[in-house]
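The following exercises concern the architecture of a protein model and the way its chains, domains, sheets and helices meet. Please work through each task with the structure at hand before reading the solution.

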Amino acid sequence: MNAIETKNLSLSYGETLIINELDLKIPKGEITVFIGGNGCGKSTLLRSIARLLKPKSGGVLLEGKAIAKLSTKEIAKKMAILPQSPLAPEGLTVLQLVKQGRYPHQTWLKQWSEEDEKKVNDALKATRLEHLKDRTVDSLSGGQRQRAWIAMTLAQDTDIILLDEPTTYLDMTHQIEILDLLYDLNEMKNRTVVMVLHDLNLACRYAHNVVAIKDQKVYAQGKPEHVINCSLVKNVFDMDCEVTMDPLFGTPLCIPYGKGRCILDKAVAMNG
Amino acid sequence: MLLKSTTSKWAGLFVAIVLLILFMIASVIYGYTNTNWQTAIDAFTKYNGSNEHIIIQTVRLPRAFIAAAVGASLAIAGVLMQTLTKNPLASPGIFGINAGGGFAVVAAVTLFSVTDVHTFNALAFLGAAVAAVSVYAFGSFGREGLTPMKLTLAGAAMSAMFASFTQGLLVLNEAALDQVLFWLAGSVSGRKLETLVSVLPYIGVGWLGALLISGKMNVLAMGEDVAKGLGLNTGLIKIMIGVIVILLAGGSVAAAGPIGFVGIVVPHVTRSIIGIDHRWVIPLSGLLGAILLVAADIAARYILMPAEVPVGVMTAIIGTPFFIYIARRGFNGR
């Protein structure tokens, strides 16, 4: 069963075609990462799957149903989206932010239930933000702020979570912290996670399934260890590299050629 | 934020209600013809047709109610517009609403010699609505739909256009200038209670609508993408905000002319008192807006006694330094 499918999906900004007649299947219960060069359309594709961008033609199926025919609130109960670098209103506290995640579950009659309260507390706990819940979001550090936004999407309590570059602007420690959190969610709660990542090596480590996007199409899709190799990196990123094995995890590790200080006896890094 | 707990927020609302009542009583009692408590009560219980009683019943009371209703409406419209446009300086002025209402009234007086108060009000409302709808339409052109920037630009352009037309008409017809000048500066004096009664259905619906969508306003404030992701129908909520702003601001322009600055100042003051949750901000800003305009109207009677300053001038005196303060503090306070 696929969590998400695109059918003949074409996306454009004005006259510029970004994605052309794409048929993509995103498996349920796995971590899928979109990779590709700047401006290849991976974020656009994610936004379109999240119904933030209307397709030029074709459509997106969520658990087999066309999202164009579902109400936006119904979709929000099944799929959460964390956009790139969201900006909280000035003065909003972490608790207020996370509580907004319950919006799709509320109705005129049922404003705030015990279940809402529980989901909010669980989300704060999972993101280790309980002690910061009364701080304002703008007073937090980058990593804490991103955790707060992720807590909001967790409170939404959806089977599918989409994230657009959740690690951008974070230092290495906090990148790993965020990705570990998402990995746990997938492992322990079986959530389907779909995200855009820039770091190819982290993508290889965390993703069950990578989708490489190039020239308005999917260039390759599959397990990182099956699809990531020198020719893919050359074709998708236009970069020469060696692909070896991550010494800790055994997943593919991409080492780019290029300039830089070479302190090996033989200068091997020069043919980039 | 001054009031943190829910109890203190309720207390804040209660204090604001008491203050509003006190200011409205003061507005009925004090002015060029000074009266007192007893006279004011007698004017309603033991009316004897004396000069004071006539003033209280036909001048002071309508004035206090109109100032309160208009102040509340402008403040709430300001809150909605600041959240919608993500622009801390947004107020009914930037929707072109004041300029549109002003133009409609000046056109009616100069071109069609309208003198009837009801026609006057209806036209002001119509002009305000036409301006707002066109700004909304122009701001929605293009693929991304309605964006804060396009809305702000369209509003500035339409305001400038209507203001120029208005000035052109007044230059051509100086006789009309005297008739509309006081109205154009924004004033709550010399209006009858019927003026308020005729716009109350519109602004009443506006107040109620604003309270009903206050929870959704909180979601919209998180940004367009996040709001959509949370399942908010952002297109629909923007239209609802637009309609409510037209009802509130259009009704205010019709009742009191274009009064500036209330819509900018009050939302900021309110948020500094009660935080950013619209479920609290909307009712409290309504009360504070009412208090501000009633107080400004009392001050307007004393500042150049025996002459009266239009209340729009008073709000400008209070509002201009505040406007500069907010502008200097920067968008979003960052």
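## Exercise 1: A sheet and its edges

Task. Identify the bridge partner of Lys214(A) in β10(A), and then describe the sheet around this pair.

Solution. Lys217(A) is the bridge partner of Lys214(A) in β10(A). The model is a predicted one, in which local features need pLDDT of at least 70 and side-chain atom pairs count only at pLDDT 80 or more, whereas totals for chains, interfaces and linings use all residues. Residues are numbered from 1 along each chain as its sequence is written, and chains are lettered from A and ligands numbered from 1 in the order in which they are written.

Step 1. Strand β9 (residues 209-214) of chain A runs antiparallel to β10(A), and 5 bridges join them. Strands (E, at least two residues) and helices (H or I, at least four) are DSSP runs numbered from the N terminus; two strands pair if DSSP finds at least two bridges between them.

Step 2. The open sheet consists of 6 strands of chain A in the order β6-β7-β8-β3-β9-β10, with mixed pairing. The edges are held by β6 and β10 (217-222) of chain A, each with a single partner strand, so one side of each has no neighbour in the sheet.

Step 3. On average, neighbouring strands of this sheet are turned by 15 degrees against each other, direction ignored. Axes are lines fitted to C-alpha atoms, for helices over the stretch in contact, and angles run from 0 to 180 degrees between N-to-C directions.

## Exercise 2: A second sheet and a hairpin

Task. In what order do the strands of the open sheet of 4 strands in chain A follow one another?

Solution. Step 1. The order is β2-β1-β4-β5 of chain A, and the pairing is antiparallel. Here β2 (16-27) and β5 (65-66) of chain A are the edge strands; each has a single partner strand, so one side of each is left without a neighbour in the sheet.

Step 2. Strand β1 (residues 2-13) of chain A pairs with β2(A) in the antiparallel sense over 8 bridges. Leu9(A) has Leu22(A) as its bridge partner in β2(A).

Step 3. Across β1, β2 and β4 (57-62) of chain A lies helix α1 (residues 42-49) of chain A, which runs at about 120 degrees to β1(A).

Step 4. A hairpin is formed by β11(A) and β12(A), with 6 residues between them, and Gly250(A) in the turn has a positive phi of about 80 degrees. Strand β11 (residues 241-245) and strand β12 (residues 252-256) of chain A run antiparallel and are joined by 5 bridges; within β12(A), Cys254(A) is the bridge partner of Val243(A).

## Exercise 3: Two domains and a helix pair

Task. How many residues of domain 1 of chain A are in contact with domain 2 of chain A?

Solution. Step 1. The domain assignment, automatic or from a database, gives chain A domain 1 (1-70 + 159-236) and domain 2 (89-158). Their centres, taken over C-alpha atoms, are separated by 25 Å.

Step 2. In this contact, 10 residues of domain 1 of chain A meet 7 residues of domain 2 of chain A; contact requires C-beta atoms, placed from the backbone, to lie within 7 Å. On the side of domain 1 of chain A that touches domain 2 of chain A, α6(A) has the largest share, with 4 residues.

Step 3. The axes of helix α5 (residues 142-155) of chain A and α6(A) come within 10 Å and cross at roughly 15 degrees. The two helices α5(A) and α6(A) are therefore roughly parallel to each other, a term for angles under 35 degrees.

Step 4. From α5(A), Gly142(A), Gly143(A), Gln146(A) and Ile150(A) meet His174(A), Glu177(A), Ile178(A) and Leu181(A) of α6(A).

## Exercise 4: Contact between the chains

Task. Which element gives the most residues to the side of chain A that touches chain B?

Solution. Step 1. The contact takes 22 residues from chain A and 19 residues from chain B. Two elements of chain A, α2 (72-78) and β6 (79-82), give two or more residues to the side that touches chain B.

Step 2. The element that gives the most to this side is α2(A), with 4 residues.

Terms used. Angles under 35 degrees count as roughly parallel, over 145 as roughly antiparallel, 65 to 115 as roughly perpendicular and the rest as oblique.
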